[in-house]
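Below is a short report on one protein chain. It starts with a single residue and works outward to the helices.

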Amino acid sequence: MTASTIRPVRSRRPLRAPAATRSNALPAGAWWVWALGLATAASRTTNPLLLGLLVGVAGYVVAARRTDAPWARSYGAFIRIGLFVVGVRLLFSAVLGSSIPGTHEMFTLPEVPLPDWAQGVRIGGRVTAEQLVFALYDGAKLAALLICVGAANSLANPARLLKSLPGALYEAGVAVVVAMTFAPNMVADVMRLRTARRLRGRPTGGVKAVLQIGLPVLEGALERSIAVAASMDARGYGRTAQIPPAVRHTTNVLTLGGLLGVCAGTYGLLAAQGAVYGLPLLVAGLLAATAGLWLGGARTVRTRYRPDRWGVRAWLVAASGGMVAAAMIWAGGVDAEALHPGVVPLVAPVLPLWPAAAVLIGLLPAVVAPVPPPVGAPTPEESK
């Protein structure tokens with residue numbers, strides 16, 4: 001064998017997600033579809049083990065794929081809100097009572113006498129372990145749903161989500177995006193001003209310090225509002241096209257009827273007794289709303305700069321959330337007892353294996369989604 005026939009051995013590159021850039025960053029809609037799939041799964045169960053697994057999956061993906069943007073720091077706030085919801089649910093159950101019968105008495109609160117017209121309502125009295133566990137399960141379900149939505153708020157850029165909205169919802173979307181971005185920017189301004197005062201040796205607590213910090217924060221918010229208004233006016237925001245009245249009325253009927261159908265279908269899917277008519281109503285509502293939004297978009301004259309493209313990775317992320325939701329819905333029809341552990345009699349919850357394995361599909365974004373830049377590096381939206 002001659003030297004010319006010897007081929008150099010090429011090292012195989014490991015199969016891993018690429019670094020996030022402006023061209024391959026996931027669309028905001030993919031993150032929201034994934035998070036809503038996890039939230040739908042959380043709404044179908046009260047098993048605290050499954051709910052904790054859903055929260056853990058969402059938290060791991062957020063820790064692996066969130067950026068250093070201001071909105072990415074809101075996940076901790078959603079966790080605190082979820083814990084607050086659980087505490088309030090337990091407090092209400094203890095103070096206002098519950099219809100859950102129980103034999104394991106925990107303590108007794110002083111009962112407030114109520115008039116005759118308030119029959120069936122009590123304040124205080126006997127508190128059992130069964131009613132507290134039921135309230136804990138119920139509050140944990142709502143907390144997990146909020147945390148899953150908070151994961152989408154931490155991973156998705158609200159400005160990029162605005163570009164993906166239909167033209168008929170563009171004006172409402174601008175208001176929602178401004179509202180969503182105002183709070184993170186305000187928190188960042190407060191932290192920046194408190195750090196500056198601390199470096200100058202000035203106090204950061206107390207009423208006087210809050211008043212001195214609040215004025216620059218409001219001034220910065222006003223300047224940002226003026227800058228946004230000027231940029232929107234320069235880009236021709238608000239221009240509309242002339243459409244016939246018949247098309248406008250048809251658009252309103254289709255959009256309103258479709259949204260009502262979506263609400264009724266969603267309620268049917270979430271309620272055990274409405275699973276038969278829920279899916280047809282949801283599909284019909286989605287078709288009608290889509291047609292109405294498509295017709296309504298004709299009146300908005302606008303173009304999209306660098307529109308988001310749904311690649312293979314975006315579809316995988318969105319599909320993983322949909323698969324988790326579909327598996328949990330199907331599990332509710334096959335083995336409802338495993339998803340809703342009983343409290344009378346009081347038994348320990350059991351982790352069902354294959355629904356738990358289906359929840360782990362939600363970890364797919366932590367593998368396929370592009371890796372965000374390190375802290376301090378420019379974000380995909382800033383890199384050209």
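Arg194 counts as partly exposed, at 35% relative accessibility. This is a value from a predicted model. Arg194 sits in helix H6, which covers residues 170–199. Leaving out residues up to four places away in sequence, Arg194 touches Thr204 and Ile213. The C-alpha atoms of Arg194 and Gly205 are separated by 9.1 Å, and the two residues are 11 apart along the chain.

Arg197 is also placed in helix H6. Is Arg197 buried or exposed? Arg197 counts as buried, because its relative accessibility is 10% and the cut-off for buried is under 20%. Neighbours within four places aside, Arg197 is in contact with Arg202, Pro203, Thr204, Ala209, Gln212 and Ile213. Thr204 and Ile213 are thus on the contact list of Arg194 and on that of Arg197.

**The chain as a whole**

The secondary structure comes to 13 helices and two strands. The chain has 384 residues, and 35% of them count as buried. Take the contacts between residues at least 6 apart in sequence: 78% of them join residues at least 24 apart.

**Three helices by length**

The table sets the expected span of each helix beside the distance between its end C-alpha atoms.

| Helix | Residues in helix | Expected span | End C-alpha atoms apart |
|---|---|---|---|
| H1 | 16 residues | 22 Å | 23 Å |
| H4 | 27 residues | 39 Å | 38 Å |
| H10 | 23 residues | 33 Å | 32 Å |

For H1, the end-to-end distance agrees with a rise of 1.5 Å a residue. The distance for H4 agrees as well. So does the distance for H10.

**H1 and its tryptophans**

H1 runs over residues 28–43. H1 is mostly covered, with 13 of its 16 residues buried. A search of the whole structure finds three aromatic pairs. One of them joins Trp31 and Trp34, and this pair is edge-to-face. The ring centres are 5.9 Å apart, and the planes stand at 80° to each other. Why does that angle count as edge-to-face? Planes over 60 degrees apart are put in that class, so the pair belongs there.

Trp31 and Trp34 are three residues apart in H1, which means about one helical turn separates them. An α-helix has 3.6 residues a turn, so residues three or four places apart point the same way. Trp31 is buried at 6% relative accessibility. Trp34 is buried too, with a relative accessible area of 0%.

**H4 and its partners**

H4 spans residues 129–155. H4 is mostly covered: 19 of its 27 residues are buried. One residue found in H4 is Gln131. Gln131 counts as buried, at 2% relative accessibility. With neighbours within four places left aside, Gln131 contacts Ser93, Ala94, Gly97, Ser98, Ile100, Arg122 and Arg126.

Two packed helices are described by the angle between their axes and the distance between the axes. How do H1 and H4 pack, by angle and by axis distance? They meet at about 175°, and their axes are 8 Å apart. H1 and H4 are therefore roughly antiparallel to each other. On the H1 side, Trp31, Trp32, Trp34, Ala35, Leu38, Ala39, Ala42 and Ser43 take part. They meet Lys141, Ala144, Leu145, Cys148, Val149, Ala151, Ala152, Asn153 and Leu155 in H4. Trp31 and Trp34, the edge-to-face pair, are thus among the H1 residues that meet H4.

H2 also packs on H4. The axes of H2 and H4 come within 10 Å and cross at roughly 15°. H2 and H4 are therefore roughly parallel to each other. Their crossing is left-handed. From H2, the contact is made by Pro48, Leu51, Val55, Ala58, Val61, Val62 and Arg65. From H4, it is made by Tyr137, Ala140, Lys141, Ala144, Ile147, Ala151, Ser154 and Leu155.

Lys141, Ala144, Ala151 and Leu155 of H4 are on the list for H2 and on the list for H1.

**H10 and its cover**

H10 covers residues 312–334. Which residues of H10 are buried? They are Ala314, Val317, Ala318, Ser320, Gly321, Val324, Ala325, Ala327, Met328 and Ala331. What covers them includes H1 and H2 (48–65). H11 (336–339), H12 (353–359) and H13 (365–368) also belong to that cover.

Definitions and conventions
Residues numbered from 1 in each chain as written. Predicted model: local features only at pLDDT ≥ 70, side-chain atom pairs only at ≥ 80, totals over all residues. Heavy atoms only, no water. Phe/Tyr/Trp six-rings, centres within 6.5 Å; stacked < 30°, edge-to-face > 60°. Helix = DSSP H or I, 4+ residues; strand = E, 2+ residues; numbered from the N terminus. Buried < 20%, exposed > 50% of the residue type's maximum accessible area, 1.4 Å probe, protein only. Expected span 1.5 Å × (residues − 1). Contact = heavy atoms within 4.5 Å. Axes fitted to C-alpha atoms, helices over the stretch in contact; angles between N-to-C directions. Parallel < 35°, antiparallel > 145°, perpendicular 65-115°, else oblique. Left-handed = near helix turned anticlockwise from the far one by under 90°.
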